[in-house]
Amino acid sequence: MEGKEAPYLIALACLLKHIGKFAQQAGFEELPLEKPLEEKEKKILALADQLATGEQLPPEGEEPRQLRSIFCSLTADGQQAKEVLYWPLKPLQMSEDVIFPQGKEEAIKEAYKDLGKKFKEQAEKLRETQGENLPVYLESLLLLLQRYAWCIPSALPDVSLYDHARIAAGLAVCLLDQDEATLDALEKLQASRTGGAAPGPEALDKAVALLVGGDISGVQDFIYTITARGATSALRGRSFYLQLLTEAVARYVLRRLELPITNLIYQGGGGFYLLARPSDQARLDEIRREVSRILLAHHRGDLYLALAFVPLKAADFYDGRISGRWEELGQRLQKAKQRRFAELGDELVNLFQPEGHGGNEELQCQVCGREHKGTKEDAGVRKCPPCLSYEKLGDGLRRARYLWMSQKDPDVPADPLEVLPGGWEEVLAAFGMEAGVVKEIGDVPNTDGPRWILALKDEAMKGLKPDSKTVVGRRFLVNVTPILTEEEYKEFREKIEGLSKPGSVKDFSVMEYQSKGLKRLGVLRMDVDNLGKLFAQGFGDKAGLSRVAALSFAISLFFEGWVEVLAERLGKDEQGHDRLYSIYSGGDDLFFVGSWDAVVELARAIRADFSRFVANHPGLHTSAGIALVGGKYPLYQAAEDAGRAEKQAKDLRWKEDGHEREKDAISFLGQALPWRRFGIEECKEGMDTVHSLAHLLFRLTSPEDKGGEDVPRALLQMLIRLQEQHQETAERRARVGEDRNKAGAVQTYYGPWIWRGYYFLKRMAQRLEKERPEAARKVDELAEKLHGENFRAIEWIGLAARWAELLGRERE
């Protein structure tokens, strides 16, 4: 294999080799290669397989098997998985019976045959229509493998055929660059692990690949530091643009290095990882400068791509060493972020020149605050072309069912500051990409270069038809965008100044009004706890590149796929109003805005389903922070408030069954609690969690004509004051260092208020007994629960009462 097609041919050969294993077990005819492989190419494919797995493999059995959840192989928080679960043998889609691991199936052979039949039918269509266009065919085939082989095990029982095949293909591309002597030495290294002679030290010290990482910094300020004017659609547009930008940069790097898509390990969350050849180092330095010039031209230093790499020697793929290299790459990326644009050298001088005309109000954008020659008035607000473009992109996402992209020639500016900052389309064009979102597949424009049409919904897959220049497949994207209806517009146009038009993205102020009880927005930030540590240490000496890739893919499935299902399910209230807005969800974290009561329920559902998704592993969990703000509250401040709340949750230390625990918590209304105490089970009244007690108290204190018991609201005030007095004592003792046990959890302190509270509840129960016996019984149970648990509930009972009070409060 020689020439520019060689990387694509060896990658295709690797995919077809693994599809052949699938074919043998599923009973369909293998997809053929155009010509037989030479001995060197066969050697490369075998070595790539070994390096991808990172361990000595047992002989593969002939019988079909289920794929064990990758989470069952992890050690997290010092804990092992309590049970072994398997992914269902079904095509990948966002449905309850597919996305969650389960016990073993009985009809495994039948499931394999069904998967194989569907895969073969679609693979044949791809070969017929795209076989002459190698890059397009390779990527479409990879996406088809993702859909049907995501649940089929490779030689490793916890790594899918899809994940292993793509990593092995990427490594095969890198090995294609090696000479025969190096390949022979790699074979000896593998043989030495089973007792054979070891290769010489020269071979062991030679890099066989580069692990490359890219991370865009400045993301949070870019998204959140805008005014409320036009914020709803612009916010989502900015967030989605960053996702497109990440993809455009990753593909630009691959294209400049002449690498196929199989060399992209992961992209999302503003970053990407890929495999490159050792000989690509010089070109990576050049690419780093090109990317910086484009970002400097259009974002004037607000966004920066940190690009770094570490060489991978053959030994790095074995005995878990890959985790250390991954960690080292993270450190190099952090150093690169601290030296933003340093690669531009003398060009940096221009960064310190004054921008704009200084104080020209007519040219100053009222959304982002920057001066721009193209600033114009839109609906009474001055907006620059970039901000207008983000709003337009956000509006386009409202009913989007397809993402399309097209390749074109890139345009790197020689002098970045001579370029007028453009909108998102101009930035992507500079990296050689056109893109857009559409509702109907017929709205995708005809373009000259290779293109991609990716379904954003499972049901939209039916409309995809491959052709010779179009990659087709599924793209998981959390796109929950509330739309302002005609009825809502009529209801709120007199109440809210500057209300958007019907059919636009719903204003924050409308979602604030549609909250239950207190009229406030909820701002949610949430992510996986200790994820970096999980990648660095979770697999121990069993860490291999394909396992790391499988873990990345699995986590992204939840945050980029299933979270959308939950948000769509929980976003509507009884009247059918959409009350949740996804600003971002991807990688391992998310950011949502919406009616505060809906946001709380979404957070609970995400935490509950995350446990199911990770096979109920006790050491895998998330932490969240929720801030309540007004609809006109500055967005950047709301993001910071939610961020501080999330940090408060992550800083929590507590005890469970005598063991010290940390994180796995939520901060709500200024108080952090473990999720288990907060409540993540189905919504029902009770006294075991904050959630269940809050809803019990809300019903008890609601009027009878609204289904309540009409218990005096003084009950809520007393419970709130009870916790406040306890907290005051805890804080007073904290000043003298007496308040915390070894785990850092606040201890229960006794005082006269406890017995006064108990007496108050008993007296209230007696007064209610004659007219409302059920309410009396509940209040009495509450008193006894306080007493029976040694008054431990005093640490959170006030939070439940405050929650109930907010649910019952009308707008002030």
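1. Helices α1 and α5. In this predicted model, α1 and α5 are roughly parallel to each other, because their axes cross at roughly 30° and angles under 35 degrees count as roughly parallel. The two helices span residues 6–26 and 134–149, and their axes come within 10 Å. The crossing of α1 past α5 is left-handed. On the α1 side the contact is made by Y8, L9, A11, L12, L15, L16 and I19; on the α5 side it is made by L134, P135, Y137, L138, L141, L142 and L145. By class, the residues of this contact are 14 nonpolar, no polar and no charged.

2. Helices α2 and α6. Here the axes of α2 (residues 39–53) and α6 (residues 161–175) come within 8 Å and cross at roughly 125°. The pair is therefore oblique: the angle falls outside the range of 65 to 115 degrees that counts as roughly perpendicular, and it is not over 145, the cut-off for roughly antiparallel. The crossing of α2 past α6 is right-handed. From α2 the contact takes in I44, L45, L47, A48, D49, L51, A52 and T53, which meet H164, I167, A168, L171, A172 and L175 of α6. These residues divide into 11 nonpolar, 2 polar and 1 charged.

3. Helices α19 and α26. The axes of α19 (residues 596–613) and α26 (residues 797–808) cross at roughly 135° and come within 11 Å. These helices are therefore oblique to each other as well. W596, D597, V600 and E601 of α19 make the contact with W803, L806 and L807 of α26. The contact has 5 nonpolar residues, no polar ones and 2 charged ones.

4. L161. This residue is in helix α6. Its relative accessible area is 4%, so L161 is buried, the cut-off being under 20%. Leaving out residues up to four places away in sequence, L161 touches H18, F22, A149, I152, P153 and S154. By contrast, L715 lies 554 residues from L161 along the chain, and the C-alpha atoms of the two are separated by 59 Å.

5. Q130. Helix α4 covers residues 108–130 and includes Q130. Q130 counts as buried because its relative accessibility is 0%. A polar atom of the Q130 side chain lies 2.6 Å from the backbone oxygen of T470. T470 is also among the residues in contact with Q130 once neighbours within four places in sequence are set aside. The others on that list are V136, Y137, S140, P466, D467, S468 and V471. Y137 appears in the α1 and α5 contact too, on the α5 side.

6. D316. The loop between β4 (304–313) and α12 (321–337) holds D316. Although D316 is in a loop, its relative accessibility is 10%, so it counts as buried. The D316 side chain reaches the backbone nitrogen of K313 at 2.8 Å. Beyond its neighbours within four places in sequence, D316 is in contact with P311, R321, I322 and R325.

How values were computed
Residues are numbered from 1 along each chain as its sequence is written. This is a predicted model: local features need pLDDT of at least 70, side-chain atom pairs count only at pLDDT 80 or more; totals for chains, interfaces and linings use all residues. Side-chain values use heavy atoms; hydrogens and water are left out. Helices (H or I, at least four residues) and strands (E, at least two) are DSSP runs, numbered from the N terminus. Buried means under 20% relative accessible area, exposed over 50%, partly exposed in between (1.4 Å probe, protein chains only). A polar contact is a pair of N or O atoms within 3.5 Å; within protein, one must be able to donate a hydrogen and the other to accept it, and residues adjacent in sequence count only if both atoms are side-chain atoms. Contact means heavy atoms within 4.5 Å. Axes are lines fitted to C-alpha atoms, for helices over the stretch in contact, and angles run from 0 to 180 degrees between N-to-C directions. A crossing is left-handed if the near helix is turned anticlockwise from the far one by less than a right angle, and right-handed if clockwise. Ala, Val, Leu, Ile, Met, Phe, Trp, Tyr, Cys and Pro count as nonpolar, Asp, Glu, Lys and Arg as charged, and the others, Gly among them, as polar.
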